[in-house]
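Good morning, everyone, and thank you for making the time. Please have a look at the sequence and the model before I take you through a few of its features.

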Amino acid sequence: MSRPSKPFFLISSAALIAGLSAGPAAAGPEGTAWGYNSFGVPGLIDMPGAFGREDGELGYAVSHVQNQTRHALTFQISERLSASFRYSLLHDIRRNPGGPVEPYRYDRSFSLQYRFLDEGTYRPAFAIGVNDLVGTGIYGGEYVVASKTFSPQLRATLGLGWGRLGSQGGFTNPLGVLKPAFKYRPFAESGPGGGFQAKTWFRGDAAFFGGVEWRPNDRWRLVAEYSSDDYAREDGAAFKRKSPLNFGADYHYSDRTTFSARYLYGSELGLQFTYALNPKQPRMGSGLDAAPPPVVPRAGPAGPSPDLDEGALIAATRSALEKEGLTLHGLARDGDTLRIQIGNDRYPIAAQATGRAARALTGLAPAHIERFEIRLTEKGMPVSSVLLRRADLEALEFHPVASDLMRARTRIADAPTSLAPNGGYFPAFTAGLDPYVTPSFFDPDSPLRIDGGVAASARFEPTAGLVFSARLHQKLVGNMDRTIRPSTSVLPHVRSDGYLYAKGSDTSLTELTGAWYVRPGRDLYGRVTVGLLEQMYGGVSSELLWKPQNSRLALGAEVNWTKQRAFDDMFGFRDYDVATGHLSAYYQFDGGFMGQIDVGRYLAGDTGATVTLAREFDNGWKIGAFATLTNVSSEDFGEGSFDKGISLTIPIDWITGKPERRAINTTIRPVQRDGGARLAVPGRLYETVRGQQASALDASWGRFWK
């Protein structure tokens with residue numbers, strides 16, 4: 001096995017730097033941290049501070065000092081709470097202080113910080129944090145820290161740390177007055193890694209740390225700190241630590257990018273690159289959408305709309321909707337109400353699709369039509385009915401608060417039944433050719449592997465609710481087939497043999513399914529999918545979802561029978577099959593937070609539950625974390641102890657500024673094992689329908705007129 005190169009700057013660093021946008025540096029909102037430390041935590045140089053970053057910010061930092069490179073992804077979950085995931089390459093590290101030196105090792109760890117008291121006129125801000133919350137314990141440390149802003153240029157920080165942060169100048173733990181056990185820190189057994197070490201938190205010696213930050217202007221930050229980390233695992237092996245004092249300078253190249261240089265521990269030079277973005281701030285401002293069609297008043301210059309016969313009205317409506325990227329599934333007239341049922345493959349925000357359809361109808365509907373009902377569909381299923389008055393469209397188009405007034409006068413309800421499919425859409429066939437990239441993280445021999453190539457996809461809908469889909473990948477470049485570590489799992493190899501699929505063939509049929517979507521009753525949605533469900537499994541999947549229009553709560557049930565596919569990813573199967581299924585509960589909290597609990601049986605036959613917490617932004621960005629615990633012990637699970645990870649959804653239209661429903665979905669798992677592994681069925685119902693419901697329409701109704 002070759003020894004990794006010490007700089008260890010992954011491809012992700014180069015990709016981010018290539019996307020930089022030069023511009024004036026931003027000081028950031030008042031009360032936010034002025035920078036990230038070398039662990040990716042808002043703070044000083046190595047030490048944390050009490051301020052968080054701007055709400056919703058997602059930051060990436062890569063830092064390097066002699067024999068250590070750390071990559072950190074940090075999300076400001078809320079104004080008070082931030083979380084970090086780190087992946088580090090450590091050379092000449094001791095697993096235990098004073099122990100033998102390892103040539104190198106990779107280390108994964110999570111951190112949490114919560115600001116429990118805001119800064120006041122005389123009072124500093126206070127925060128509490130835990131480093132290496134879930135990990136091997138190499139970076140284990142806890143702290144309470146206070147930071148005070150004395151002027152727009154000057155801040156000071158003082159903290160009390162435990163664990164690694166209590167190792168320089170440590171003294172008897174003051175928490176020992178509450179309970180003598182706090183005076184002693186138990187040894188953290190890393191075992192397979194990835195477990196909680198709660199028995200060690202805030203125990204053992206404590207030590208003070210602190211620092212001062214000075215900003216002569218918005219581009220520069222100068223920092224001096226006293227570190228309470230004695231680097232016992234590295235001192236004398238990775239580098240020579242001579243002093244607890246650190247000094248650094250940050251240059252804010254733009255409001256997103258920062259370059260940092262540090263002089264550390266009296267002996268070493270450190271460098272850091274930081275890139276931060278906020279999903280709430282679109283790269284293209286208000287977007288590059290084409291202008292919507294104008295509202296055509298019945299008494300306007302164009303004159304009253306002609307009273308077309310049914311066939312002519314359907315043809316004209318279909319043509320007008322196609323110009324807006326929408327499809328007509330059905331049309332009906334009922335007295336003074338014109339009803340249409342539409343499909344939307346262009347706009348990620350359903351309110352925008354609704355508004356464009358309504359505008360188009362004003363130039364087509366006969367003059368006596370007073371109301372429009374627009375039924376939104378997904379996978380051919382009707383989901384929501386939006387009923388609005390034509391007169392409101394005519395009167396409010398240029399009103400300064402048009403969105404609020406329009407929503408107040410619009411009724412959104414369930415649409416359990418479909419209109420007659422007379423819109424000329426079915427049968428429908430679509431096909432496409434797109435590039436694809438498939439990453440693989442944290443292989444110990446190569447922490448980042450990537451395959452890339454061309455994906456051919458096709459979809460055929462003979463009638464509403466019946467969808468046949470296929471997707472074929474042709475690999476052109478990549479190194480995922482170079483993995484040389486065979487699975488050592490004692491469980492059925494339901495995921496840990498995944499690398500063998502990359503070795504099996506450069507041509508992969510990743511999906512070939514037939515799916516039936518149906519509305520069995522009010523607030524109910526159903527799905528049955530048959531075929532090659534994903535890269536590793538084929539079979540039958542069925543699902544039932546209860547999701548009322550305005551309810552925060554949704555409940556679902558899924559039952560699957562699946563068989564493992566052959567490694568060439570074509571039509572063959574291996575000798576492993578399993579029945580799986582889950583009962584699921586979904587809940588939408590305030591502030592864009594969503595929780596999900598799935599309880600049931602997983603691919604290896606183990607039973608347990610997955611808990612997911614995510615924050616979703618109105619523009620489609622979604623950042624979440626999940627953890628699965630089953631009846632598989634941490635020893636049987638192996639490295640990582642239990643399944644957990646981070647999920648990212650980045651809408652493509654946020655990047656390009658042009659309306660696009662597709663998104664980039666990435667799951668970052670510290671390690672992929674067999675316990676807690678779930679089938680990846682395409683088209684699960686909750687994510688399919690909720691974006692078209694009243695709760696989602698309300699959250700983004702401002703785009704109705706866009």
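I will talk about a pocket, then the nonpolar cores, and finally one serine.

Please keep in mind throughout that this is a predicted model. Let me begin with the second largest pocket, which has a volume of about 740 Å³ and is lined by 32 residues, the closest to its centre being Ala83, Phe110, Ala625, Phe626 and Gly645. Several strands, among them β2 (68-76), β3 (81-94) and β4 (101-117), each supply at least two residues of that lining, and so do β29 (607-616), β30 (622-630) and β31 (643-651). As for the character of the lining, its residues divide into 24 nonpolar, six polar and two charged.

Turning to the interior, the largest nonpolar core comprises 38 residues, within which Ile340 and Leu393 have the most contacts, and helix α3 (residues 350-362) gives the most to this core, namely seven residues. Apart from it there is another core, of 33 residues, including Phe273, Leu277, Phe617 and Phe642. Returning to Ile340, and leaving aside residues up to four places away in sequence, its contacts include Leu328, Ala357, Leu361 and Glu373.

That glutamate brings me to Ser385, which is found in strand β18 (residues 381-389). Is Ser385 buried or exposed? Ser385 counts as buried because its relative accessible area is 3%, where the cut-off for buried is under 20%. The side chains of Ser385 and Glu373 are joined by a polar contact of 2.6 Å, and, again not counting residues up to four places away in sequence, Ser385 also touches Ile374, Arg375, Arg411, Ile412, Ala413, Asp414 and Ala415.

Notes
Residues are numbered from 1 along each chain as its sequence is written. This is a predicted model: local features need pLDDT of at least 70, side-chain atom pairs count only at pLDDT 80 or more; totals for chains, interfaces and linings use all residues. Side-chain values use heavy atoms; hydrogens and water are left out. On a 1 Å grid over the protein atoms alone, a cavity is a set of points where a 1.4 Å probe fits but cannot get out, and a pocket is an open set with protein on both sides within 12 Å along at least five of seven lines; lining residues have an atom within 4 Å of a point. Grid points are joined across faces, edges and corners, and a volume is the space filled by probe spheres set on the points. Helices (H or I, at least four residues) and strands (E, at least two) are DSSP runs, numbered from the N terminus. Ala, Val, Leu, Ile, Met, Phe, Trp, Tyr, Cys and Pro count as nonpolar, Asp, Glu, Lys and Arg as charged, and the others, Gly among them, as polar. A nonpolar core is a set of buried Ala, Val, Leu, Ile, Met, Phe, Trp, Tyr and Cys residues joined through side-chain atoms within 4.5 Å. Buried means under 20% relative accessible area, exposed over 50%, partly exposed in between (1.4 Å probe, protein chains only). Contact means heavy atoms within 4.5 Å. A polar contact is a pair of N or O atoms within 3.5 Å; within protein, one must be able to donate a hydrogen and the other to accept it, and residues adjacent in sequence count only if both atoms are side-chain atoms.
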